[in-house]
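Dear colleague,

I am passing a structure on to you, and since it will be new to you, I have written down below what was found in it. Please have a look at it first and then read on.

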Amino acid sequence: CRATILGHVQRGGNPTGNDRILASQLGSYAVYIIHEGKKNRAVGKVDGKLVNYDIKEALEMKPKMSELYQLIKKLG
């Protein structure tokens, strides 16, 4: 028997170095936003830049497919 972390299985494996870097960047940015007095925000990375949106606005956004994802769909 061994412990399994469900989030890792659902994502397809252990976090990569890039996953850890992104998590650190987003976490740090979230703390900065809170320190600025902003609440109810969603943080993310768009075109290499850290961004924050009102949570309601973020939930209404439609995801954009990257060019690479569109190419993969065409080739698949």
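**What was found**

L75 is found in helix α4, which covers residues 67-75. Please keep in mind throughout that this is a predicted model. With a relative accessibility of 68%, L75 counts as exposed, because the value is over 50%. Together with L68, L71 and I72, L75 forms a nonpolar patch on the surface, and these residues have about 440 Å² of accessible area together.

The next place to look is strand β2, made up of residues 49-54, where N52 has its place. Is N52 buried or exposed? Its relative accessible area is 15%, and because this is under 20%, N52 counts as buried. The side chain of N52 is joined to that of Y29 by a polar contact of 2.8 Å, and a polar contact of 2.7 Å joins the side chain of N52 to that of R41. If residues up to four places away in sequence are left aside, N52 touches Y29 and R41, and also I33, K38, A42 and V43.

Y29 leads on to the aromatic rings, for the structure holds 1 aromatic pair. Y29 and Y32 form this pair, which is stacked, with 6.3 Å from centre to centre and 20 degrees between the planes. Both residues lie in helix α2 (residues 17-35), and because they are 3 residues apart there, about one helical turn separates Y29 from Y32. As for their surroundings, Y29 is buried, with a relative accessible area of 15%, whereas Y32, at 45% relative accessibility, counts as partly exposed.

Two residues in loops also deserve a careful look. Which loop holds N40? N40 is found in the loop between α2 and β1, the latter being residues 41-46, and although N40 is not a glycine, it has a positive phi of about 55 degrees. The relative accessible area of N40 is 57%, so that N40 counts as exposed. D47, for its part, is found in the loop between β1 and β2, and D47 likewise has a positive phi, of about 50 degrees, without being a glycine. With a relative accessible area of 75%, D47 is exposed.

If you would like a place to begin, I would suggest N52, whose side chain has polar contacts with the side chains of Y29 and R41.

With kind regards

How values were computed. Residues numbered from 1 in each chain as written. Predicted model: local features only at pLDDT ≥ 70, side-chain atom pairs only at ≥ 80, totals over all residues. Heavy atoms only, no water. Helix = DSSP H or I, 4+ residues; strand = E, 2+ residues; numbered from the N terminus. Buried < 20%, exposed > 50% of the residue type's maximum accessible area, 1.4 Å probe, protein only. Polar contact = N/O pair within 3.5 Å; in protein donor to acceptor, adjacent residues only side chain to side chain. Contact = heavy atoms within 4.5 Å. Patch = residues over 30% accessible without salt bridge, like charges linked within 9 Å, V, L, I, M, F, W, Y side chains within 5 Å. Areas by Shrake-Rupley, 256 points an atom, 1.4 Å probe, with all protein chains shown as cover. Salt bridge = Lys/Arg side-chain N within 4 Å of Asp/Glu carboxyl O. Phe/Tyr/Trp six-rings, centres within 6.5 Å; stacked < 30°, edge-to-face > 60°.
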